[in-house]
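Here are some notes for a colleague who is opening this structure for the first time. They are best read with the model in view.

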Amino acid sequence: MKRSLKILLQIMALLLMSGGAMIAVSSGKYMDLKQNGSTDGDRYFLADFQTRCSNMTDYINQQVFNLPKVYTLPMDQSPAPMPDPEGFTEDTYNDPTISVKCWREKMDISGSVVVANFAEITIAHPTQLRTAFAGGQFGNTRLFASKIASLNNAVVAINADFYNYRTNGLIIRNGTLYREKPYGADVLFIDSDGDFVVKSDRDAFKEGYYKNKKIYQSLSFGPVIVNDGNVITNWHSSFSCGPYGKEPRTAIGQIGHLHYLVCTVNGRMKNSPGISVANLGKIMADKNCYVAYNLDGGQSSVLYFHDKIFNVVADGGERTMSDILYFATAIPEDDRS
């Protein structure tokens with residue numbers, strides 16, 4: 001019995017991974033969602049169908065083979081599940097799919113004291129590291145980062161790369177390519193394993209890197225500040241973030257498999273003037289990140305946790321922006337014990 005079920009599950013997995021999946025519709029006919037001209041609705045339907053089947057397979061694995069249940073989220077712009085209110089403390093969140101710890105540190109950086117805000121995150125599945133657009137779709141809409149995070153049920157979130165402030169860059173969000181205009185920037189690619197890789201957008205374009213490998217997210221700001229555990233300071237002129245001045249900063253780094261660190265440094269304040277990008281790299285390397293990447297800073301620099309902003313935003317408060325990067329629970333509300 002168990003052997004037969006195991007074979008059935010393997011067949012289901014192969015069918016779902018097939019690029020030409022045929023989906024039954026209510027009319028009794030079939031729809032090939034890979035055909036030319038398929039709509040966004042088709043793709044979202046397929047993503048949701050695959051996620052539901054994956055969760056069903058995990059349920060059978062758990063019940064029949066005593067394997068732990070694995071939750072996944074569809075890679076689209078739909079909001080994540082609501083986090084469990086009982087999972088929060090003042091500075092932590094925990095459930096079976098995500099663990100978050102937030103804290104602040106006063107740090108002496110080159111003779112100047114600054115306040116750095118951190119969130120260390122471990123997730124169970126790569127789909128829990130997500131991005132979201134203001135207004136729920138690619139375009140010119142802008143909202144406060146805290147509003148975008150709230151609408152998408154983020155456990156913890158940071159500002160992303162403010163993609164609609166520019167007309168260039170490589171923009172891949174939740175598995176969909178939205179913009180393909182390389183301009184010489186270092187791009188942070190996040191693949192389907194949840195791992196970070198930094199490449200020049202021009203090199204990635206020439207190599208077809210993001211077309212030959214399954215990429216969930218790309219962030220086109222930079223520069224890279226840690227790579228292979230080493231602080232990087234030999235940047236090229238394509239970056240316009242004012243890397244040498246003391247400013248509020250945002251960074252994201254990877255510590256290990258599905259294990260990440262985000263940091264915002266308060267700036268333009270008496271008790272925390274801000275830091276250079278090089279010193280931000282030193283902070284991230286000292287916190288054991290083997291890859292770290294600089295994101296939009298200044299008044300854009302926001303760390304959101306438990307329905308509020310965890311850092312102090314420069315210049316009197318949030319500015320509206322186009323996008324966030326966030327971490328979410330994968331457990332549906334109706335599946336909590």
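**Notes on the predicted model**

1. A pairing of strands makes a convenient starting place: β6 and strand β22, which covers residues 323–327, run antiparallel to each other and are joined by 5 bridges. Within this pairing, Arg130 has Tyr326 of β22 as its bridge partner.

2. These two strands belong to an open sheet of 5 strands, whose order is β6-β22-β8-β19-β20 and whose pairing is antiparallel. At the edges lie β6 (129–133) and β20 (308–309), each of which pairs on one side only.

3. Before going further, the reader should keep in mind that this is a predicted model, with an average pLDDT of 85 for the protein and a score of at least 70 for 78% of the residues. The stretch that calls for caution is residues 16–38, where pLDDT stays under 50 and for which the model has 32 contacts beyond four places in sequence. Where pLDDT is low, the predicted coordinates should not be read in detail.

4. As for the overall make-up, the protein has 6 helices and 22 strands, and 53% of its 337 residues are buried. Of the contacts between residues at least 6 apart in sequence, 69% join residues that are at least 24 apart.

5. Another open sheet consists of 3 strands in the order β12-β11-β13, again with antiparallel pairing. Its edge strands, β12 (196–200) and β13 (215–219), each pair on one side only, and the twist from one strand to the next averages 30°. Strand β11, which spans residues 186–191, is joined to β12 by 5 bridges in the antiparallel sense, and among the residues involved is Val187, whose bridge partner in β12 is Lys199.

6. Is strand β9 enclosed or open to the outside? Because 5 of the 5 residues of β9 (residues 169–173) are buried, the strand is largely enclosed by the rest of the structure. Both of its faces are covered, with Gly169, Ile171 and Arg173 buried on one side, and Leu170 and Ile172 buried on the other.

7. The partner of β9 is strand β10 (residues 176–181), with which β9 pairs in the antiparallel sense over 5 bridges. In this pairing Arg173 is matched with Thr176 of β10. The two strands form a hairpin with 2 residues between them, and Asn174, in the turn, has a positive phi of about 50°.

8. The largest nonpolar core contains 55 residues, of which Val100, Ile121, Leu188, Ile252, Met284 and Phe327 touch the most other members. Leaving aside residues up to four places away in sequence, Val100 touches Asp91, Thr92, Tyr93, Glu120, Ile121, Val155, Val156 and Phe305. A second core, separate from this one, has 20 residues, including Ala132, Ile148, Ala154 and Tyr304.

9. Finally, why does Cys289 form no disulfide with Cys263? The sulfur of Cys289 has its closest cysteine sulfur in Cys263, at 8.9 Å, and is therefore too far away for a bond, given that a disulfide requires the two sulfur atoms to lie within 2.5 Å. The count of disulfides accordingly comes to 0. Both cysteines are buried, Cys263 with a relative accessible area of 0% and Cys289 with a relative accessibility of 2%.

Technical notes. Residues numbered from 1 in each chain as written. Predicted model: local features only at pLDDT ≥ 70, side-chain atom pairs only at ≥ 80, totals over all residues. Heavy atoms only, no water. pLDDT = per-residue confidence, 0-100. Contact = heavy atoms within 4.5 Å. Pairing = 2+ DSSP bridges. Helix = DSSP H or I, 4+ residues; strand = E, 2+ residues; numbered from the N terminus. Axes fitted to C-alpha atoms, helices over the stretch in contact; angles between N-to-C directions. Core = buried A, V, L, I, M, F, W, Y, C linked by side-chain atoms within 4.5 Å. Buried < 20%, exposed > 50% of the residue type's maximum accessible area, 1.4 Å probe, protein only.
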